There are 2 protein chains.
Amino acid sequence: MDSKGKQTKELVLQTALGMFRTKGFAKTTMRGIAAEAGVSLGSAYYYFASKDELVLELYRESVGEQRALASAAMAGVTGLADRLKAALHSGIDALTPYHHFGGAFVGSALPPQSAVNPFGEASTQVREDAIAIFAEVVEGAKVPTFLRAQLPELLWLGYMAVVLFWVYDRSEGQRRSRLLIDGSAPLLGKLVSLSRLPVVKPLVEEALALKARIQS
Amino acid sequence: MDSKGKQTKELVLQTALGMFRTKGFAKTTMRGIAAEAGVSLGSAYYYFASKDELVLELYRESVGEQRALASAAMAGVTGLADRLKAALHSGIDALTPYHHFGGAFVGSALPPQSAVNPFGEASTQVREDAIAIFAEVVEGAKVPTFLRAQLPELLWLGYMAVVLFWVYDRSEGQRRSRLLIDGSAPLLGKLVSLSRLPVVKPLVEEALALKARIQS
DNA sequence: TCGCATTCTTGAACATGTTCAAAAAGAGTG
DNA sequence: CACTCTTTTTGAACATGTTCAAGAATGCGA
C-alpha cells in the first residue's frame, strides 16, 4: 500500500490541479491548496518545492493524456498530415481544461531557470515522452529517410508553437487554434513530400544541417 | 523644460534599467529601485504600475536601438538574406546587455495578460515599430509581389523565435544564436527565391491563406 | 518495550510585488 | 496672499511564494 507520504502528496497534487481548473492558476494560492487539502502550508512545500513544480505535474499528466488520445486517434491512419493532425488536436484536447490559465502556465513554464521549462533539465523526462508521441506520428507514415530521424523533434517544436498560439487564442473554443492545426498539418505533409524534389531537397538538408550545428 | 514628474519618471526608469543590467531582473526589487533613485516606493509605483511596465520600457528602448543599428547595417545591402541577417543581429545586439535576465524577461513578457506581452494590446506601438524594421528589410530587397505585404510580419515572428532561442542560449557570447541567424537568413532568402517556382508557389500561397484565416 | 533515526507536519517569519488613503508640493486664479 | 484644484510623494498595510527550525509521528532493530 502507499505510504502515508505518497497519499498526502497525491492529495495535495489533486487538490491543486482541481483548483487550477476551477479558479485558475493565479487565484489558486499555496495556502488555499493546503487549506483545501487539510494540510499545513509547510506540508504542501514538503512535497512540492514550488508552485511551479505543481505545474510540472500538470504538464506530465497532460502529456500522458495526449499520448493516449493521440494513439487512439492515429489508429489506422497512415497519412503523415492526418496523423500529425490527430497528435496536435490531442495535445490541445488534453490542455483545454487549463486554457484559462494558459497565460500563467506559459509564464512559469518558459523562464529558463524554471522547473517547468519544457526545454530544460528538470523536464527531460516529460519532454522525451512528448517527443515520443511525434515519433509515433512519423513511424506510421511515409517519410523520406533523410528526414525520419530529425522529424519528431521538429514536429514537437512545431507543437510547442501551436500551444503558444493556443495560449493566446481568445476565440470561442479556441477555434483559431483548431484552424491552425487543420491548415498547417496538410501543409507540412506537402512540404515533406516536396522535400524529395531536387529543387527543394538541398534546402531541407541545409535546414537539417543548421539544426545540427546549433545544437552542439 | 521637463516638468518635475517627467524628470522623476525618467530617473526611476534609468535607475531600474541600470539595475536590471547589473543585478538582473529578479534581484532588482522595486524597493531597491526606489531607494537607489532616492524616491519612495509609492512614487515608483506612481509612474510605473508594475515591475513589468519597466520591462516594456526596456523593450521599447531596445527596439529603438535595433532600428538604428539595423538601418546602419543595411545601408547599401540589397540581398534579402543579408538585410535580414543585419536586422536579426542588430536585435540581438540591442538585447545583449540584458541577456542574463532574459529568462525573467520572457517570463513576464509572454503571459497574455501581461503589459509586456509582445503580441498584446499594450505593446501595439512597440510591436509596430519592430515590424517596421522588417518592412525596411523587405523594401530594400527583391521579393515576389504576392509575398511582399505579408513578409514583414512573418519575419518579425521569426525574429521572436530567434529571441526565444537566444534567451535559452547558454553558449559563450550566445554563439549558437549567431549561428542560427547566419544559417537561417540565407535559408529564408533561398526559400523566397524558390517561392516563384510552380511547385513551391502553391504551398507558399496556402500558407499565406492560412495565416489570413487564423487572424480573423 | 525502549531508544533512535527517519519521515512528516507545523506555523511563524521573511521578502517582495502591489494597493491605497492621506499628506505635501505645485500651479493657477482672484 | 488666500484659496482651490491637480500633481506628486509617502509609507504603512496586505497577500502571497518561500524558508526554516522545531516538534510530532512513524518505523525498526535490539
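This passage looks at how the two protein chains are arranged and how they meet DNA strand D in a predicted model.

Start with the protein pair. Turning chain B by 180° and shifting it 0.1 Å along the axis lays it on chain A with an RMSD of 0.0 Å. That is what a two-fold axis does, so the two chains are related in this way. The surface used for contact is also the same in both copies, with 100% of the contact residues of chain B turning up again in chain A.

Now for the DNA. There are 19 residues around DNA strand D, and the ones that come nearest are A:R31, A:Y45, B:G42, B:S43 and B:Y47. On the DNA side, sugar and phosphate make up 55% of the strand D atoms that come within 4 Å of the protein.

Several polar contacts go to phosphate oxygens of strand D. B:Y47 places a polar side-chain atom 2.7 Å from one phosphate oxygen, and for B:S40 a backbone N or O atom sits 2.8 Å from a phosphate oxygen. With B:Y46, an N or O atom of the side chain is 3.2 Å from a phosphate oxygen.

As for where this surface comes from, both chains pitch in. Chain A offers α2 (30-37) and α3 (41-47), while chain B offers α1 (4-23) and α3 (41-47), each with at least two residues near DNA strand D. The largest share belongs to α3(B), which gives 4 residues. By residue type, the surface near strand D splits into 8 polar, 7 nonpolar and 4 charged residues.

Methods:
Residues are numbered from 1 along each chain as its sequence is written. Chains are lettered from A and ligands numbered from 1 in the order in which they are written. This is a predicted model: local features need pLDDT of at least 70, side-chain atom pairs count only at pLDDT 80 or more; totals for chains, interfaces and linings use all residues. Side-chain values use heavy atoms; hydrogens and water are left out. Copies are superposed by least squares on the C-alpha atoms of residues with pLDDT of at least 70 in both. Contact means heavy atoms within 4.5 Å. A residue is near a molecule or strand if one of its heavy atoms lies within 4 Å of it. A polar contact is a pair of N or O atoms within 3.5 Å; within protein, one must be able to donate a hydrogen and the other to accept it, and residues adjacent in sequence count only if both atoms are side-chain atoms. Ala, Val, Leu, Ile, Met, Phe, Trp, Tyr, Cys and Pro count as nonpolar, Asp, Glu, Lys and Arg as charged, and the others, Gly among them, as polar.
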